[in-house]
Amino acid sequence: MTTLAANLRDRTAIAAWTREHGVYLALLVLVVFNAIATPNFLTVDTVQLLFSQVPPVIIVSLGMALVIGTGGVDLSVGSIMAIASAVLAKFVTGGSPIGVAMLAAVAAGLLVGVFNGLVVAIARVQPIVATLGVLVAGRGIALVITGGALVELFVPVFKDIRLGKFLGIPYVMIVAALLAVAVSFLVRRTAFGYRLLAVGGNRRASVLAGLPVRRTLVVVYAISGTLAAVAGVIATARLRASDPSYIGLLMELTAITAVVVGGTSLTGGRVRILGTVTGAILIQLLETTLVSHNAPDSVARMVEALIIIAAVYIQRPARSSR
Amino acid sequence: MTAPAPATKQPPVAVAADHGGREAARARARALTSLISRNGAVAVLVLVVLLGALLVPSFGKPDNLRNVALAASFIGIIAAGMTFVIICGGIDLSVGSTYALATIISAMYAPRGSFIAVGYALLAAGLVGLIQGLIIARLRLPAFIVTLAGLTGVRGLVYYITNEGNDHPQIEGFRAFETLGTGSLATIGTPVWIMLVVFAIGWWVLNRTPFGQSVQAVGGNQGAAELMGLPVKRTQTIVYVVSGLCAGLSGILTTALSGGGQEARIGDAYELSAIAAVVIGGTLLSGGVGSMVGTLAGVLLLFVIQNLIVQGANLNSYVQQVVSGGFLLVVVILQAVLSRRAGTADT
């Protein structure tokens, strides 16, 4: 009897551990698989390539994690990236210094984020619909700003953003890492972080407890918009052009996947930043792996779908806790 | 989700005699705002069509109206299925991909006869819905994520069976099922009639059958529905099958109308239009409340507005996008504000 009980306890302990750490395990499995099956995988080049591709996904996912932590979702991030890119192009072609152009692009993202927040917090429209409207309208706005065409941008700074490294680590990855640390600090160590989680856990109770629920929501969507705009600037620098019909396309789905795979529940009240970053790296590495093994796009998509289902299945809440 | 409970409405009975008149007026105002927020889409549709006919001469022409209805019928059929899913408290992001799957499969199997082409396409679409429904209902995974995986995975499947998007299967020669798309009755295209039939059946099922009652009960309060002994899991599974079948039917009609040759990326972002139509129609994303008539009005409204932009203002497609998104935002903000006036006190 005791062994059975112990066995059972062990098994639930294992289940609990995989629930908590599934995403790290998955990343480990993928790295080991690549180390064995992909030639030249364990080289500095591979890591540098990954670190230059993944930052926009990480940065957008950080904001998405905060929004999902409040029980919402932000479908507009891809369109915000496009708007930021278009604003950047408008300012650069208008002769503004690159610093001003970048600030304007990020400010545009902040503005759209605040708008999202107001619609969700004050008008109390459900986040999916509110940000769906901005998803549709936002890309249109970006296309209107540039007149629909791809605008090539010749800016020296873009080369630094694309290729610059510090101690072998691409600048953009350092930026992403710093932002991750900042967001993590925000969630864990500040009163704002506690309010955010309280609102996500139980909005009504937060209102009754006298928390500034509306302000918290507006700030969270503003952060998400701002981070998406930063990612839009990086994506533009990598492309060396502003292409509003392409930049950030389907980013909302990738970011939501990264957050959910990373162990943050869609119901809100909980945010896992390290998990989110790992989720973003996992998705990017998965794509790289499939490409390097010549898997056609169709297969890549199907594998991705299976991974998403598997990830949420492993991390589903234990039945007893429901 | 911590949606505000609309059940805390105070009884509309007048409490004291001296407040009677005021209470009654307030109750009347509340009933009016709730009527507007419930049937707002129908009212706005009538208004927009009348204004459009008056202000934009080319809009009111029968030919143009016929085309608007025909264009709307494909998203319309998808939105009918989506209404069931959303009232049941779920969401189906996979419909665009399922639609594409049915489009391609029905064209691929057209040489083997119309019956097989239509049958296989519906079977595939129904299966997609069934698998998602089972995962959502039995494994209790969130619908948003499961159907997000469906969106990605089924699109991958479409690319897989079309040789990475390089094959564009076409219907060669006349096939009986082409009349589904190209035929007309009383000068109105068959797809429009099919859409109307789908909505009529949908209305009847939702409001007049035990299954429809279960859908509303499960969406309103899953726990309570379970305690009442309703078949919660079966209901949840079936709504996704219904949604898959609707998306499949829409895809088949597309192939029937066009004769095949569709790109593998067809139906991209259709889920967004369908969800927008359902929401504009007054169905709440929180589940439990919704109407088929509203969804029909919502779909027509989306397409009428698009058509008016093209006919009247001659705006380019980017501005159209801005107007569509902006329109959706205005509608949902008005709905949210009105329904709060009609319902509970603001928290």
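Two residues are in contact if their C-beta atoms, placed from the backbone, lie within 7 Å. By that rule, 41 residues of chain A and 40 residues of chain B make up the contact between the chains.

On the side of chain A that touches chain B, four helices of chain A give two or more residues: H6 (127–146), H10 (203–208), H12 (251–261) and H14 (297–314). Helices (H or I, at least four residues) and strands (E, at least two) are DSSP runs, numbered from the N terminus. H6(A) gives the most, with 13 residues. By class, this side of chain A has 26 nonpolar, seven polar and eight charged residues. Ala, Val, Leu, Ile, Met, Phe, Trp, Tyr, Cys and Pro count as nonpolar, Asp, Glu, Lys and Arg as charged, and the others, Gly among them, as polar.

The model is predicted: local features need pLDDT of at least 70, side-chain atom pairs count only at pLDDT 80 or more, and totals for chains, interfaces and linings use all residues. Residues are numbered from 1 along each chain as its sequence is written, while chains are lettered from A and ligands numbered from 1 in the order in which they are written.

The pLDDT is the predictor's confidence in each residue, from 0 to 100. Chain A averages 84, and 94% of its residues score at least 70. Among the elements of chain A, H1(A) (residues 2–37) has the lowest mean pLDDT, 73, and H3(A) (residues 55–69) the highest, 94.

UniProt (unreviewed entries) annotates "transmembrane region" in chain A, including residues 75–92 and 218–239, and in chain B, including residues 183–206 and 317–338. Such annotations may be inferred rather than shown by experiment; positions follow the numbering used here, and feature names are shortened.

| Span | Helix | Strand | End C-alpha atoms apart |
|---|---|---|---|
| Chain A, residues 75–92 | 89% | 0% | 28 Å |
| Chain A, residues 218–239 | 100% | 0% | 31 Å |
| Chain B, residues 183–206 | 71% | 17% | 29 Å |
| Chain B, residues 317–338 | 100% | 0% | 31 Å |

Within chain B, the axes of H2(B) (residues 62–87) and H11(B) (residues 270–280) come within 8 Å and cross at roughly 65 degrees. H2(B) is therefore roughly perpendicular to H11(B) (65 to 115 degrees). Axes are lines fitted to C-alpha atoms, for helices over the stretch in contact, and angles run from 0 to 180 degrees between N-to-C directions. The contact involves residues of H2(B), including B:Ile75 and B:Met82, and of H11(B), including B:Tyr270 and B:Val278. It has ten nonpolar, two polar and no charged residues.

Conventions. Angles under 35 degrees count as roughly parallel, over 145 as roughly antiparallel, 65 to 115 as roughly perpendicular and the rest as oblique.
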